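Colleague: I have a protein model open in front of me and would like to learn how to read it feature by feature. Could we go through it together, beginning with the whole and ending with single residues?

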Amino acid sequence: GGGGAEEGAEGAHAALATRLAYVATGDPALDETMRMGLVGLSDFVNRRTAAALADPAAVTPGLDDLSVFPLLYWVITAEAPQPDAAAAAALNAFMRNGGIILFDTRDEGTGEGYAPGARPALRRVTRALAPVAEDHVLRRAFYLLPELPGRFSGGQVWVARDQDRANDSVSPVIIGGHDWGAAWAVDARGNNPYATIPGGARQRMLAYRFGVNLVMYALTGN
């Protein structure tokens with residue numbers, strides 16, 4: 001077979017490409033929404049900035065190498081398990097090296113009905129991550145950003161910043177419930193399949209701008 005060298009080169013090129021990643025949940029419909037969301041955001045970033053993002057990747061912390069990704073989008077479901085030792089070590093190394101995690105509980109503006117159990121699951125997941133002990137998340141080195149809507153608007157977006165970090169004080173953890181992936185999502189026909197509530201097209205543009213800021217921050221801040 002003469003294809004080995006070519007395939008190897010292609011694999012190496014794929015590894016060098018910058019791409020956004022999402023944590024696979026095992027729910028096919030949700031994982032597809034997140035994939036469409038990061039496709040839509042990557043496309044928007046590529047059109048509006050000098051960045052060149054390749055197709056997003058689904059990852060499982062502890063199994064996949066996270067170091068090649070600048071940003072991890074993690075939708076928290078009620079079933080989300082606490083990361084095991086390997087996953088926790090991988091996630092903490094990812095953040096220590098300047099990676100950013102966007103946690104999304106998808107429960108903003110909807111009460112518990114839309115994503116019941118997501119907040120307790122968030123606490124379960126983040127307990128394993130060094131920079132986001134609960135007292136840190138809620139009381140100390142956090143600041144509130146202005147409105148950053150996704151599919152839902154309103155509510156708070158929290159940013160965790162570890163003051164002792166060596167990577168230009170890039171904030172490793174951003175937490176909200178705005179369902180950003182659904183706002184960014186683009187289907188195979190180039191349409192946005194999920195309505196942005198209540199602000200329509202303007203709200204979707206703000207969601208994309210938040211995504212651009214996030215990606216540029218992740219790419220340049222470390």
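Modeller: Let us begin with burial, keeping in mind that this is a predicted model. The protein has 222 residues, and 48% of them count as buried, where buried means under 20% relative accessible area.

Colleague: How many helices and strands does the protein have, and which pattern do they follow along the sequence?

Modeller: There are 7 helices and 7 strands, and, read along the sequence, they follow the pattern α-β-α-β-β-α-β-α-α-β-β-β-α-α. Contacts add another view of the fold: among those between residues at least 6 apart in sequence, 69% join residues at least 24 apart.

Colleague: What does the predictor's confidence look like in this model?

Modeller: The predictor gives each residue a confidence called pLDDT, from 0 to 100. In this protein the average pLDDT is 81, and 76% of the residues score at least 70. Over residues 132-145, however, pLDDT stays under 50, and for this stretch the model has 30 contacts beyond four places in sequence.

Colleague: Let me turn to one helix. How far apart are the end C-alpha atoms of helix 2, and what span should its 21 residues have?

Modeller: The expected span is 1.5 Å times one less than the number of residues. Helix 2 covers residues 28-48, so its 21 residues should span 30 Å, and its end C-alpha atoms are indeed 30 Å apart, which agrees. At the start of helix 2, a side-chain oxygen of Asp27 comes to within 3.1 Å of the backbone nitrogen of Ala29.

Colleague: Which residues of helix 2 are buried, and what do they pack against?

Modeller: The buried residues of helix 2 include Leu30, Met34, Leu38, Leu41, Phe44 and Val45, and also Asp31, Gly37 and Ser42. The buried residues of this helix pack against strand 1 (21-23), strand 3 (71-75), helix 6 and helix 7.

Colleague: Where do Gly26 and Leu53 lie, on either side of this helix?

Modeller: Gly26 lies in the loop between strand 1 and helix 2, while Leu53 is in the loop between helix 2 and strand 2 (57-59). Because its relative accessibility is 65%, Gly26 counts as exposed, whereas Leu53 is buried, with a relative accessible area of 9%. Leaving aside neighbours within four places in sequence, Leu53 is in contact with Thr18, Leu20, Ser42, Val45, Asn46 and Val215.

Colleague: How can I compare separation in sequence with separation in space, taking Ala121 and Ala78 as the case?

Modeller: One can set the two separations side by side: Ala121 and Ala78 are 43 residues apart in sequence and 5.4 Å apart in space, C-alpha to C-alpha. Ala121 is in helix 4, and it is buried because its relative accessible area is 0%. Beyond its neighbours within four places in sequence, Ala121 is in contact with Ile76, Thr77, Ala78 and Ala80. For another pair, Gly26 and Ala80 are 54 residues apart in sequence and 9.8 Å apart in space, again from C-alpha to C-alpha.

Colleague: What is the volume of the largest pocket, and which residues are the closest to its centre?

Modeller: The largest pocket has a volume of about 330 Å³. Its lining has 18 residues, of which Val23, Ala24, Pro61, Trp74 and Pro81 are the closest to the centre. Strand 3 and helix 3 (85-96) each supply at least two residues of that lining.

Colleague: Finally, which backbone angles deserve a second look?

Modeller: Most residues other than glycine have a negative phi, and most peptide bonds are trans. Arg106, although it is not a glycine, has a positive phi of about 55 degrees, and Asp179, also a residue other than glycine, has a positive phi near 55 degrees. Arg106 is in the loop between strand 4 (100-104) and helix 4 (118-126), and Asp179 is in the loop between strand 7 (173-176) and helix 6.

Colleague: Are these two residues buried or exposed?

Modeller: Arg106 counts as buried because its relative accessibility is 15%, and Asp179 is buried as well, with a relative accessible area of 4%.

Colleague: Where is there a cis peptide bond?

Modeller: A cis peptide bond joins Ile197 and Pro198, with omega at about 0 degrees. Pro198 lies in the loop between helix 6 (180-184) and helix 7 (200-220).

Note on methods. Residues numbered from 1 in each chain as written. Predicted model: local features only at pLDDT ≥ 70, side-chain atom pairs only at ≥ 80, totals over all residues. Heavy atoms only, no water. Helix = DSSP H or I, 4+ residues; strand = E, 2+ residues; numbered from the N terminus. Buried < 20%, exposed > 50% of the residue type's maximum accessible area, 1.4 Å probe, protein only. Contact = heavy atoms within 4.5 Å. Polar contact = N/O pair within 3.5 Å; in protein donor to acceptor, adjacent residues only side chain to side chain. 1 Å grid on protein atoms, 1.4 Å probe; cavity = no way out; pocket = protein on both sides within 12 Å on 5 of 7 lines; lining within 4 Å. Points joined across faces, edges and corners; volume = space filled by probe spheres on them.
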